[in-house]
Amino acid sequence: MQIGESNHRTKGLLRLTMACNERCAFCNVPVEDFRPATPPDHVLEAELAPFLDGQTQTLTISGGEPTLLRKRLLALVRRAREGGVRFVELQTNAILIDAAYAADLAEAGVTSAFVSLLSHDPAHHDALTEVEGSHVRCVRGIRALHDAGIRVTLNPVTTRQTQHLLPAYMDFVGTELAFVRLVSLSAVQPHGRARGHLERLLPDYDVLAEHTRVARGVAEAHGIEVVNPYCGLPLCVGWTDGQSHSVEAAESVGRAQAKAHGIRNDGNKRHQGPCYRCALRTRCGGAWHAYWDHRDGAGLRAVEPHDPPFLAPVVSDHVQTLWCDGPLTSAELPATRDTATLWARATSLQPGIGPVLFASAVTDLALVGDDLAPHAWLPTLKAIAHVSRRNRELPPQQRLRVHVGLSLRNRPTAVQLLGLLRLFERTGAFQVVLLDLRVGAEELGPFLQSQVPGLRVKLGVNTGKQGNRGSRVVR
Ligand SMILES: C[S@@+](CC[C@H](N)C(=O)[O-])C[C@H]1O[C@@H](n2cnc3c(N)ncnc32)[C@H](O)[C@@H]1O
Ligand code: SF4
């Protein structure tokens, strides 16, 4: 993903009207959720202002269906281009666009179009839009846009009914619409109208993973670039080897995040179950809340699953471990990130290290200790609190996670242990793993967990004699 209008980071959205001439059952911004359907002129003018000021963003004009308001749309495009906006992208279902309309759009200054060709199969496309003949008209619109000199990107929204057709879709584009160079591979986001049809529409990731891999191969053979947008798929669903073309992965390489005007992407997805042991959780936002709730996360699988390296380093394609036998100091922290997951394993954190740690390439901390006196943990707790405050501004994949391994070999009392767990909960540590647990003391886990609901408490298995350091984490 490169510059200008091809770069999601520099895109911002303006919705001209929420009215639409299709009735897609999956629509995430249905007209019935908006009043008024069309914002008055002064509101649009205010929304346009940041694009004119910044002059760096692509202005994406969407809706509803923006081509319904031909005069206003053309005027808006002209105003943006005259105001210095270099790229104007039109999001459209294209069914109103003929040669004359396409020529007007090009003349006004539209530089690209993002078109919802939902399926290569007319019956599926028309069933999804609930407009008979919409496939024929959409394909006609795509050709007209291209003939007018407007670059076209296609956006199929994969549903449960069309998930097996993805490879055939790419083949259709490569042969029938060979001028198209870019396909954004969306899959139904379970929001808006889609919420009412989850069973029918929400794809099954278990099935979709393989079709996605094959479709990407077909696209490559046709020379079509495929991107995995925010409304696309988790990395383990056919995109493990496609991080450079996945929006969330590309955005997660550094912790700084550019926010585009009019686009709010946070809070819709979460990590769960397999994500906690996944080497790519730092590059993937996980799955939609509704996917976990409705499909129980089917098809989501940790990539290079592993546990915190309390006792031995973890090294794999996507994981590295920075191993310290003592405290972690700022001198040891690398700034550039070569792998998705970089663990720093240490016994504690140097006082004041919080800001440097947060700005470093470390993605996960594994802190291990057997002294349960709170004062022994004080500088470490302060640094964890700093990291947690900064984490709150970020989506889950960009957060620095703190895992603590507490060895119980010195037989602390439950009160001592609980006191320390409460401190870790308050400062925002992600999880505490109890190591070297006495045989028969397993019931301690659920009890402690009930006392600190904001912290994950896990038990490590004691694999040897008392004091043996060879524990491993179980889930
Ligand atoms: C809301 S539409 C508005 C523009 C225009 N009417 C169209 O159909 O392209 C903007 C984009 O969102 C996509 N979209 C709508 N609902 C979606 C959903 N539930 N999941 C993923 N993409 C969706 C559409 O396919 C379209 O590319
Ligand atoms: S973080 Fe979760 S959803 Fe994403 S690739 Fe890993 S297991 Fe899959």
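Okay, let's start with one pair of residues: Ile61 stands opposite Leu90 in strand 3. Before I go further, keep in mind that this is a predicted model.

So, which strands are we in? Strand 2 and strand 3, the latter being residues 88-92, run parallel to each other and pair over 3 bridges. Strand 2 covers residues 58-63, and 5 of its 6 residues are buried, so the rest of the structure largely encloses it.

Right after that strand there's something to look at in the backbone. The peptide bond from Gly63 to Gly64 is cis, with omega near 20°. Gly64 sits in the loop between strand 2 and helix 2, which is residues 70-82. There's another cis bond earlier in the chain, going from Arg35 to Pro36, with omega near -5°. Pro36 belongs to the loop that links strand 1 (11-17) and helix 1 (41-54). As background, most peptide bonds are trans, and most residues other than glycine have a negative phi.

Which brings me to the phi values. Asp296 has a positive phi, near 55°, and it's not a glycine. You'll find Asp296 in the loop between helix 10 (289-295) and strand 12 (319-323). Is Asp296 buried or exposed? It's exposed, with 11 other C-beta atoms within 10 Å; the cut-off for exposed is 12 or fewer.

Then there's Arg411, again not a glycine, with a positive phi of about 50°. Arg411 is in the loop between strand 17 (401-407) and helix 13 (414-427). Arg411 is exposed too, with 11 other C-beta atoms within 10 Å. Just along from there is Ala414, in helix 13. Ala414 counts as exposed because it has 12 other C-beta atoms within 10 Å, and the limit is 12 or fewer. Here's a pair you can check on screen: the C-alpha atoms of Ala414 and Leu448 are separated by 8.7 Å, and those two are 34 residues apart along the chain.

Okay, ligands. There are two shells to talk about, ligand 1 and ligand 2.

Ligand 1 has 21 residues around it, and the closest are Asn28, Asn93, Ser116, Gln189 and Cys231. Which elements give two or more residues to that shell? Strand 2 and strand 3, so we're back at the pair I opened with. By class, the shell around ligand 1 comes out as 9 nonpolar, 11 polar and 1 charged.

Now ligand 2. What are the closest residues there? Pro234, Cys236, Cys275, Cys278 and Cys284, out of 16 that surround the ligand. The class split for ligand 2 is 12 nonpolar, 2 polar and 2 charged.

Back to strands for a minute. In a regular strand the side chains alternate between the two faces of the sheet. Strand 5, residues 151-154, shows that alternation: Val152 and Leu154 point to one face and are buried, while Arg151 and Thr153 point to the other and are not. Who are the partners of strand 5? One is strand 4 (residues 112-115), parallel, over 4 bridges, and there Ser112 stands opposite Arg151. Another is strand 7 (residues 182-184), also parallel, with 2 bridges, where Leu154 has Val183 as its bridge partner.

One helix pair, too. Helix 4 (residues 122-129) packs against helix 5 (residues 134-147) at an angle of about 100°, with the axes 8 Å apart. That's why helix 4 counts as roughly perpendicular to helix 5. On the helix 4 side, the contact has Pro122, His125, Asp126 and Thr129; on the helix 5 side, Ser134, His135 and Val136. Split by class, that contact holds 2 nonpolar, 4 polar and 1 charged.

Let me finish by zooming out. The protein chain has 14 helices and 20 strands. Its C-alpha atoms fill a box of roughly 80 × 45 × 40 Å along the principal axes. Of the 475 residues, 44% count as buried. And if you take contacts with a separation of 6 or more, 71% of them are between residues 24 or more positions apart. That's it from me.

Notes
Residues are numbered from 1 along each chain as its sequence is written. Chains are lettered from A and ligands numbered from 1 in the order in which they are written. This is a predicted model: local features need pLDDT of at least 70, side-chain atom pairs count only at pLDDT 80 or more; totals for chains, interfaces and linings use all residues. A residue is near a molecule or strand if its C-beta atom, placed from the backbone, lies within 6 Å of it. Ala, Val, Leu, Ile, Met, Phe, Trp, Tyr, Cys and Pro count as nonpolar, Asp, Glu, Lys and Arg as charged, and the others, Gly among them, as polar. Axes are lines fitted to C-alpha atoms, for helices over the stretch in contact, and angles run from 0 to 180 degrees between N-to-C directions. Angles under 35 degrees count as roughly parallel, over 145 as roughly antiparallel, 65 to 115 as roughly perpendicular and the rest as oblique. Two residues are in contact if their C-beta atoms, placed from the backbone, lie within 7 Å. A residue is buried if 20 or more other C-beta atoms lie within 10 Å of its own, exposed if 12 or fewer, and partly exposed in between; C-beta atoms are placed from the backbone. Two strands pair if DSSP finds at least two bridges between them.
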